[in-house]
Amino acid sequence: MRASRLLSVLLLLQNRGRMTAEELAEELEVSVRTVYRDIDALSASGVPVYADRGRTGGYRLVDGYRTRLTGMTEEEAQSLSLAGLPVAAAELGLGTVLAAAQLKLYAALPAELRDRAGRVAERFYLDVPGWHRGIESLPALSAIADAVWSSHRIRIRYERWGQRVVERELEPLGLILKAGNWYLAGRCDGTDRTYRISRVLELTDLGEVFERPAGFDLARYWQEWSEQFERRMYPRVAVVRLSPRAQALVPFYAGSVGARALRDCRNEPDADGWLTVELPVEPGEPAIGELLRFGPHLEVLEPADLRAELAEAIEEMGAFYG
């Protein structure tokens, strides 16, 4: 552990130049006293570390010194696939591992390429979760990730929709990060299923190694599952008229499903710019709330029962407001 940290100190100084003890401590998540001891250990081993005194001082390597001790561990190499997702890496328990891997990678680059990589990190940042969404509690995520890596069977207690708790034994095949939410693709009783990680209440690693199904493609599985999920979520189709204002609001109020319906529409707007579209909607009351968001900029034409339900809701609202 200490040898790895000493290498990290060395690579930080090599990549960034002069750094204070406080900056090193913050980067490595250790105390300043630990940094002092590490610097002494590096000096004792022959690494030319110098301390510049004064307000702008800090530690630096003698000009021109470079180390070639940049070999990556297996964990560090695996973590590089999450290099653009630092938050996801941290949630998986790979935050410090990813930082060490990136540090070694930068150290191995020529100076010009290293500078360019640094500029990219300074100018671009990826924030995965959507707006107005809290961060989910994911106590089981790291353990599930370990089971995925090691192909270990697990047992989970899982809260299904409607707050019904069930117990399942499954083979974890892969993790998916979708719009800030983590999902597990797992095989249970010979069937591939999807579980939302935040609903896993308890997890036990059974220690049994399973053989991954031949030809399983995580990306293809997720695409197919997502399409089926959308069809279940939006089983009805409403024929609606949309004003120009409503057409602009569709991506915000009806999401990607509505945006796709608008994009695939082959009808032409009328003289006032209103467009007739077949819009997928949720079943029951959620559809009423979804359509009411558009206010007077949307008219439901079909089905008749949905039009009647919407008219009744509007009448009740009118009674409240006079």
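This briefing covers the cores, one helix, the backbone exceptions and a surface patch of the structure above. The model is predicted. Its largest nonpolar core has 22 residues. A second, separate core has 17 residues. At the surface, M317, F320 and Y321 make a nonpolar patch of about 460 Å².

**Nonpolar cores**

- Within the 22-residue core, the residues with the most contacts are V240, L242, V277, L291, L298, V300 and L306.
- Six elements are listed as giving two or more residues to this core: the strands β8 (236-242), β9 (275-281) and β10, and the helices α10 (244-253), α12 (285-292) and α13.
- Strand β9 gives the largest share of this core, with 4 residues.
- The second core, of 17 residues, is separate and includes L170, W182, C188 and V200.
- Leaving aside residues up to four places away in sequence, V240 touches L275, T276, V277 and L279. The contacts of V240 also include L298, E299, V300 and L301.

**Helix α8 and its end**

- Helix α8 spans residues 141-150, and L141, I144, A145, A147 and V148 are buried in it.
- Viewed down the axis of α8, the buried residues fall within an arc of 160°, so they line one face of the helix.
- S151 comes just after α8 and takes a positive phi of about 55°.

**Positive phi in loops**

- E29 is not a glycine, yet has a positive phi of about 60°. The loop that holds E29 runs between α2 (21-28) and α3 (32-44).
- E29 has a relative accessible area of 62%, so it counts as exposed: the cut-off is over 50%.
- D189 is likewise not a glycine, and its phi is positive, at about 55°. This residue sits in the loop between β5 (181-188) and β6 (191-196).
- D189 is exposed too, because its relative accessibility is 71%.

**Cis peptide bond**

- The peptide bond from E302 to P303 is cis, with omega near -5°.
- P303 belongs to the loop between β10 (298-302) and α13. Both β10 and α13 give two or more residues to the largest core.

**Surface patch and helix α13**

- Three residues make the nonpolar patch of about 460 Å²: M317, F320 and Y321.
- Y321 lies in helix α13, which covers residues 304-321.
- With a relative accessible area of 72%, Y321 is exposed.
- Helix α13 also gives two or more residues to the largest core.

Key
Residues are numbered from 1 along each chain as its sequence is written. This is a predicted model: local features need pLDDT of at least 70, side-chain atom pairs count only at pLDDT 80 or more; totals for chains, interfaces and linings use all residues. Side-chain values use heavy atoms; hydrogens and water are left out. Patches are made of residues with over 30% relative accessible area and no salt bridge: like charges are joined within 9 Å, nonpolar side chains (Val, Leu, Ile, Met, Phe, Trp, Tyr) within 5 Å. Accessible areas come from the Shrake-Rupley method with a 1.4 Å probe; for residues, only the protein chains shown count as cover. A salt bridge is a side-chain nitrogen of Lys or Arg within 4 Å of a carboxyl oxygen of Asp or Glu. Buried means under 20% relative accessible area, exposed over 50%, partly exposed in between (1.4 Å probe, protein chains only). The arc is that of the directions from the helix axis to the C-beta atoms. A nonpolar core is a set of buried Ala, Val, Leu, Ile, Met, Phe, Trp, Tyr and Cys residues joined through side-chain atoms within 4.5 Å. Contact means heavy atoms within 4.5 Å.
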